[in-house]
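The following exercises concern helix packing and aromatic contacts. Each task is followed by a solution in steps.

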Amino acid sequence: PPVDPYEHGMLDVGDGNRVYWEVCGNPEGKPALAVHGGPGSGCVPGMRRVFNPEAYRVVLFDQRGCGRSTPHASDPSVDLSTNTTDHLIADMELLRVHLGVERWVVAGWSWGTTLALAYAERHPERARALVLASVTMTRPADIHWLYHEVGRYFPEQWERFRNGVPEGERDGDLVAAYHRLLHQSPDPAVRERAARDWCRWEDELLSNEPGWQPNPRYEDPAFRMAFARIVTHYFHHHAWLADGQLLRDAGRLAGIPGVLIHGRFDLGGPADTAWQLARAWPTAELHLVATGHAGGREMTARTLAAANRFARLER
C-alpha cells in the first residue's frame, strides 16, 4: 500500500544547491536509498513501496535541479556546471552522513542504476547490497543507441525527433544538437519546442510496451524543461564517465550482493548491458524478464523479492 514519509527536508549540498530528501518506513529499520532515473525526473511516491516499511528505513531524494530540489533547472538561467555525476555522488554521501546512516541497501531504476553503480564503486564500504532494475551504464554507445540506432524500431517517431533540430545538424549527433538548442538558444520558443520534441521521443520509446499511456508529467512545462535540460546536459557529457568505466571497475563491487532485473524487450536499453555487468560482477545475479524498460509484474515481483531478501542481511 502507499507509504507516506515521516520526515523530510532540504539539504544544503553547496554550490547554491539544496536537495530535497524524505524518509519513510521504520525509523529503526535497515537503511535503504532509492535512486531515481532520468537524469532529471525526480523521485515519485511509488518508489517508497518497493521496501517493506516495517523492515526498512527508506530514503528518497531528488537529484540536483529537479523535483523539489532547488534551484530548479526549468529556469534557463540556472547554471548546470555544478550538476555532474561526481556532484550527485557527493550529495548522496552528504545525505548519508546527515541522516546518520553507516551503510545502506541502494536501489536504482534506469539512469538511477548508472548513478547507484558509480556511487557503490566509489564508496563500496557504504553499499550493503544493490537492487538495479532496467540497468544502464550510460556509455557513449548506449547513448548513441538511445537517440539514433533504436530509431529503426520507431521510424516515424524518430524522423519527427530528428527533424526537431536544424536541417544542417540532422545527420550529426542529435544529443549535441538538442543540447545546443536547450542550453544556448536565447529564444524561449526554440527552447520550449526542443523540450517538447525531446520528451515526446523519450515517451514514444516506451509506446510498444503493454499498457503504455503518454506520461502526464511531460505535460507540465516546468518538469518538461528541467528534464530535457538535465538529461541533455548529462548525456552530451557522457555522464562524465570514461567509456566503459562502470564495467571496468565492477571488481570494486566484489562481495557486495546485487540483483539485476532487466526486460528482454527493453528497446531503449538492450539486455546485453545487464548481462555484461553480471559477468563482471561475481556476487550479482541477473534476472532477464519478459518486460520492456518501464517494467511490469515480473520485474516488480523480482524487485520486491530482492528488497525483501536484503532486509534479512546482517546489519
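**Exercise 1.** In this predicted model, determine which residues of H4 meet which residues of H6, and classify them.

*Solution.*
Step 1. On the H4 side, the contact involves Gln 157, Trp 158, Arg 160 and Phe 161; their partners in H6 are Asp 197, Trp 198, Arg 200, Trp 201 and Glu 204.
Step 2. Sorted by class, the contact of H4 with H6 comprises four nonpolar, one polar and four charged residues.

**Exercise 2.** Describe how helix H4 and helix H6 are oriented relative to each other.

*Solution.*
Step 1. Two packed helices are characterised by the angle and the distance between their axes.
Step 2. For H4 (residues 155-162) and H6 (residues 188-204), the angle is about 160 degrees and the axes are 9 Å apart.
Step 3. Angles over 145 degrees count as roughly antiparallel, and H4 is therefore roughly antiparallel to H6.
Step 4. The handedness of the crossing of H4 and H6 is left-handed.

**Exercise 3.** Carry out the corresponding analysis for helix H5 and helix H7.

*Solution.*
Step 1. H5 (residues 174-184) packs with H7 (residues 221-236) at about 130 degrees, and their axes lie 9 Å apart.
Step 2. This arrangement makes H5 and H7 oblique to each other.
Step 3. H5 and H7 have a left-handed crossing.
Step 4. Val 175, Ala 176, Tyr 178, His 179, Leu 182 and His 183 of H5 meet residues of H7, among them Met 225, Ala 228, Thr 232 and Phe 235.
Step 5. The contact of H5 with H7 contains seven nonpolar, five polar and one charged residues.

**Exercise 4.** Establish how many aromatic pairs the whole structure holds, and assign the geometry of the pairs Phe 51 with Tyr 56 and Phe 161 with Trp 201.

*Solution.*
Step 1. The search of the whole structure yields 15 aromatic pairs.
Step 2. The ring centres of Phe 51 and Tyr 56 are 5.0 Å apart and the planes stand at 70 degrees, so this pair is edge-to-face.
Step 3. Phe 51 counts as buried because its relative accessibility is 2%; Tyr 56, at 0%, also counts as buried.
Step 4. Phe 161 and Trp 201 are stacked, with 5.3 Å from centre to centre and 15 degrees between the planes.
Step 5. Since Phe 161 belongs to helix H4 and Trp 201 to helix H6, the pair ties together parts that are 40 residues apart in sequence.
Step 6. Phe 161 and Trp 201 are both buried.

**Exercise 5.** Identify which residues form one aromatic cluster with Phe 161.

*Solution.* The cluster consists of Tyr 147, Phe 154, Phe 161, Tyr 178, Trp 198, Trp 201 and Phe 235.

Note on methods:
Residues numbered from 1 in each chain as written. Predicted model: local features only at pLDDT ≥ 70, side-chain atom pairs only at ≥ 80, totals over all residues. Heavy atoms only, no water. Axes fitted to C-alpha atoms, helices over the stretch in contact; angles between N-to-C directions. Helix = DSSP H or I, 4+ residues; strand = E, 2+ residues; numbered from the N terminus. Parallel < 35°, antiparallel > 145°, perpendicular 65-115°, else oblique. Left-handed = near helix turned anticlockwise from the far one by under 90°. Contact = heavy atoms within 4.5 Å. Nonpolar A, V, L, I, M, F, W, Y, C, P; charged D, E, K, R; others polar. Phe/Tyr/Trp six-rings, centres within 6.5 Å; stacked < 30°, edge-to-face > 60°. Buried < 20%, exposed > 50% of the residue type's maximum accessible area, 1.4 Å probe, protein only.
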